[in-house]
Amino acid sequence: TGRGTTSYAVSLLPSIEKIITLDIIPFEKNLNTIVNFEKKTISLKGIYDLIPYKEKEKIKFYTKTSYDFDKTNYKNKFDIAFIDGCHDNVNTIINDFELCQNIIKDNGVIIFDDYLNIKEPTEAVDKIIKMYPNYNYSRISFHGQLFEGKIKNKDHNIVIVEKS
């Protein structure tokens, strides 16, 4: 979840009905972060309370790991799953992917962040590609260049996985 900025931004889209987000940091635990370009010590709840848009109510925050998440009620329910959690354990990242396979629809996509710029997510994605060769994988370099038109940094990537 991080600060939740991606979730808040996506919640503003009218077509988005619900966002489920997992984080190991409790919703009400203070953390050091940046809000409005200033260093703050604030909880995810504190950030939530600062967000002025009613669309934030589409977001459900869970304090869980992918190992603890009960996917029973979410099988084939989601269009997109975004993996940007654990950055230091390959097996946890693979487990995140396995969870996401179960909760996305047949035509859904799974997006990995931090490919090539952090060792463990890169290693996990490379293993997943070997484990699931029938999926479609796309790597997109980004780090400002989507807006500026030229690639300045080739080590910030996302990988999009489409179930085939």
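User: Which residue in strand 8 stands opposite Ser141?

Analyst: The model is predicted: local features need pLDDT of at least 70, side-chain atom pairs count only at pLDDT 80 or more, and totals for chains, interfaces and linings use all residues. Residues are numbered from 1 along each chain as its sequence is written, and side-chain values use heavy atoms, leaving out hydrogens and water. Strands are DSSP runs (E, at least two residues) numbered from the N terminus. In strand 8, the residue opposite Ser141 is Asn157.

User: How many bridges join strand 7 to strand 8?

Analyst: Two strands pair if DSSP finds at least two bridges between them. Strand 8 covers residues 157-162 and runs antiparallel to strand 7. The number of bridges joining them is six.

User: Which strands stand at the edges of the sheet?

Analyst: Four strands form an open, mixed sheet in the order 5-6-8-7. Two of them have a single partner strand each, so one side of each lacks a neighbour in the sheet. These edge strands are strand 5 (78-83) and strand 7 (136-141).

User: At what angle does helix 4 run to strand 6?

Analyst: Helices are DSSP runs (H or I, at least four residues). Angles run from 0 to 180 degrees between N-to-C directions of axes fitted to C-alpha atoms, for helices over the stretch in contact (heavy atoms within 4.5 Å). Helix 4 (residues 119-131) lies across strands 6, 7 and 8. Its angle to strand 6 is about 145°.

User: Is Thr122 buried or exposed?

Analyst: Thr122 is found in helix 4. Buried means under 20% relative accessible area, exposed over 50%, partly exposed in between (1.4 Å probe, protein chains only). At 12%, Thr122 is therefore buried.
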